[in-house]
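Trainee: I have this model open and would like a close look at one helix and its surroundings. Please start with a single position in that helix and then work outward to the rest of the chain.

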Amino acid sequence: MFESPLRWYLALLLIGAVASIGVGNPIGKFQIHRLVEVGLALGMLAWCYRPQAASWLGRPVASGWYGLGLLGFSLVTVVASLLGPIPWISLGFLGLVLLQFGLMPLLVEAWRQRTDEGFRLLALLAVALVGIDVGLWLVMRAFELQPYVWLRRLAPGGRELLEVPYLYLNSRWANQISVLLLWTFIPLLQQLQQGLIRYRRRFWWGICWAVPVLCCAQFVLSRGDGAFLAMGLGLAALWWQWRRSPAPQRVLWVTALRMGLVAMAMAVGFSLLLDAGSFLQDFASRNAQEFTTSPQTSGIQTSGVRLATWVLYLRKTWLSPVWGQGIQAIPWGSSLCGPHNIWVALLYWCGFAGTGCALLLTTGFVPWAKTQWRQASPMALPFLVSLFFYQLVDDIWLRPLSLALLLVLIPSLLPAAAVALPAPRLVQRFTPRFGQCRLLALIGVLLIVLSVVLPGGVRWGPSDLVSLPSTACLLFF
């Protein structure tokens with residue numbers, strides 16, 4: 001029997017993330033997160049090579065558009081990598097892309113067999129991870145310590161040092177996890193409304209409420225303006241879905257919308273009690289400062305504002321507009337480790353050709369047709385809307401734990417029986433089969449290994465080739 005791997009995957013993800021709390025050194029914590037992501041992806045690949053998977057070798061697992069996009073993106077980024085300034089690191093990142101996007105179509109069947117249980121597990125994971133982060137933040141605040149910082153203080157008597165625990169390296173990484181897990185309460189709500197959960201209903205109602213409340217509280221406490229705005233846009237998408245849906249489906253959407261609005265109101269109210277509402281008071285000023293330009297000194301940006309960084313990356317894009325500058329290269333003059341914008345990053349790293357191929361990859365998990373929207377997960381629309389807008393201000397696809405979540409979240413959006421997008425006969429020739437996707441994922445592993453063993457490739461710690469002069473950039477590699 002082709003058993004679903006969701007249970008052990010999510011359990012190991014939680015164990016690995018919690019285990020990193022005890023590691024104070026930021027580099028060591030980052031390495032644990034990276035090993036968790038790669039280890040889980042390798043575990044998924046091994047699951048696809050089980051003897052029971054042999055019956056799936058000839059079956060199509062995605063549309064021809066997806067196969068064309070994955071093949072085209074690979075070819076373009078190979079060219080960009082070889083012509084770019086850091087070829088072996090770029091090839092290592094291409095290996096990661098092949099591993100992730102080669103596995104995603106294979107996990108759709110895993111979700112078909114364990115859909116209801118999978119969403120319940122995701123909701124529990126959201127409460128655990130976000131709850132731990134919010135709890136640690138409140139403890140730090142109670143002792144007047146700064147969250148998301150490695151602190152060492154003398155114990156009473158001055159004999160030993162105490163390390164203050166933290167889960168994520170900074171608030172942005174924490175926001176990413178909350179953005180990804182926020183909408184898992186909607187499928188759980190649907191199960192409760194339809195009576196699919198018959199036992200411990202009070203417990204599951206508590207989990208259903210805890211997910212949006214904790215995630216929204218995390219946005220407010222960590223000053224996650226982009227995440228808070230992305231949640232608001234996701235709720236707007238829910239409102240639009242409620243207005244356009246037939247009467248039998250409106251109960252789910254309006255209930256989810258009300259729960260989200262209540263969670264936002266509770267988080268803002270908590271901010272008013274905790275810090276006199278400084279989150280809302282500083283919201284406009286923080287964003288105005290973030291998107292202003294500033295003068296440059298000796299070719300180096302004097303402040304880490306995003307608008308100036310976007311302009312810099314876009315200017316550099318025109319040096320090689322077709323296939324880009326190579327993945328993970330940071331242009332001279334940037335004061336940030338990345339553009340913090342998915343479209344600017346794609347254009348810079350793989351040009352217009354690679355960006356176009358990346359758009360084709362969305363056909364594997366974005367419902368583009370009306371028939372697909374009828375079959376999609378109930379959280380698909382708000383999840384995709386919030387994910388899209390959040391990635392305009394953050395690089396969620398470069399962080400290990402975020403990638404580990406995306407690997408199992410994205411295949412849940414469209415079921416295995418969803419109608420494929422129509423495609424010309426030429427495009428249909430690129431329809432990927434189970435064995436072909438599995439092989440591409442394996443090639444991705446080989447590229448990662450090659451990048452690790454060769455000089456100038458991926459290193460255990462942060463590489464000087466992908467860091468700023470005075471800053472160690474903890475990108476995925």
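Mentor: Here is a walk from one helix position out to the loops, the other helices and the cavities.

Some ground rules: this is a predicted model, where local features need pLDDT of at least 70 and side-chain atom pairs count only at pLDDT 80 or more, while totals for chains, interfaces and linings use all residues. Numbering runs from 1 along each chain as its sequence is written, and side-chain values use heavy atoms, with hydrogens and water left out.

Let's start at Thr309, which sits in helix H14, residues 306-317. (Helices are DSSP runs of H or I with at least four residues, strands are runs of E with at least two, and both are numbered from the N terminus.) Thr309 has a relative accessible area of 2%, so it counts as buried. That word means under 20% relative accessible area; exposed means over 50%, and partly exposed is what lies in between, with a 1.4 Å probe and protein chains only. What does Thr309 touch, leaving out residues up to four places away in sequence? Its partners are Ser334, Ser335, Leu336, Gly338 and Pro339, where a contact means heavy atoms within 4.5 Å.

Thr309 has buried company in H14: Arg306, Ala308, Trp310, Leu312, Tyr313 and Thr317 are buried too. As for the helix itself, its 12 residues should span 16 Å at 1.5 Å a residue, and the end C-alpha atoms are indeed 16 Å apart. (The expected span is 1.5 Å times one less than the number of residues.)

Now follow the chain out of H14. The loop between H14 and helix H15 (342-361) holds His340, whose phi is positive, near 60°. That deserves a second glance because most residues other than glycine have a negative phi. At 7% relative accessibility, His340 counts as buried. For a contrast, try Arg200, in the loop between helix H8 (185-193) and helix H9 (201-221). Arg200 also has a positive phi, near 55°, but its relative accessibility is 67%, so it counts as exposed.

A third positive phi turns up after helix H6: Glu144 follows that helix and has a phi near 55°. H6 has 28 residues and reaches 40 Å from its first C-alpha to its last, close to the 40 Å expected at 1.5 Å a residue. Within H6 (residues 115-142) look at Leu124, which is partly exposed at 30% relative accessibility. Leaving out residues up to four places away, Leu124 touches Phe203, Trp204 and Ile207. Leu124 and Cys208 are 84 residues apart in sequence, yet 9.1 Å apart in space, C-alpha to C-alpha.

Another pairing spans a much longer stretch of sequence. Leu446 belongs to helix H20 (residues 434-453) and is exposed, at 54% relative accessibility. Its C-alpha lies 9.9 Å from that of Leu96, with the two positions 350 residues apart along the chain.

Next, the internal space. A search of the whole structure finds three cavities of 30 Å³ or more. The largest has a volume of about 60 Å³, and its lining is made up of Asp133, Leu136, Trp137, Met140, Pro147, Tyr148, Pro165, Tyr166 and Leu167. By class, that lining has eight nonpolar residues, no polar ones and one charged. (Nonpolar covers Ala, Val, Leu, Ile, Met, Phe, Trp, Tyr, Cys and Pro; charged covers Asp, Glu, Lys and Arg; the others, Gly among them, are polar.)

The second largest cavity holds about 50 Å³ of space, and it is lined by His33, Tyr168, Trp173, Gln176, Ile177, Arg399, Pro400, Leu401 and Ser402. Helix H7 (171-181) and helix H18 (400-409) are the elements that give two or more residues to this lining. Here the classes are five nonpolar, three polar and one charged. As for terms, on a 1 Å grid over the protein atoms alone, a cavity is a set of points where a 1.4 Å probe fits but cannot get out, and lining residues have an atom within 4 Å of a point. Points are joined across faces, edges and corners, and a volume is the space filled by probe spheres set on them.

Finally, zoom out. The protein chain has 20 helices and four strands, and 55% of its 477 residues are buried. Of the contacts with a separation of 6 or more, 78% join residues 24 or more positions apart.

Conventions
1 Å grid on protein atoms, 1.4 Å probe; cavity = no way out; pocket = protein on both sides within 12 Å on 5 of 7 lines; lining within 4 Å.
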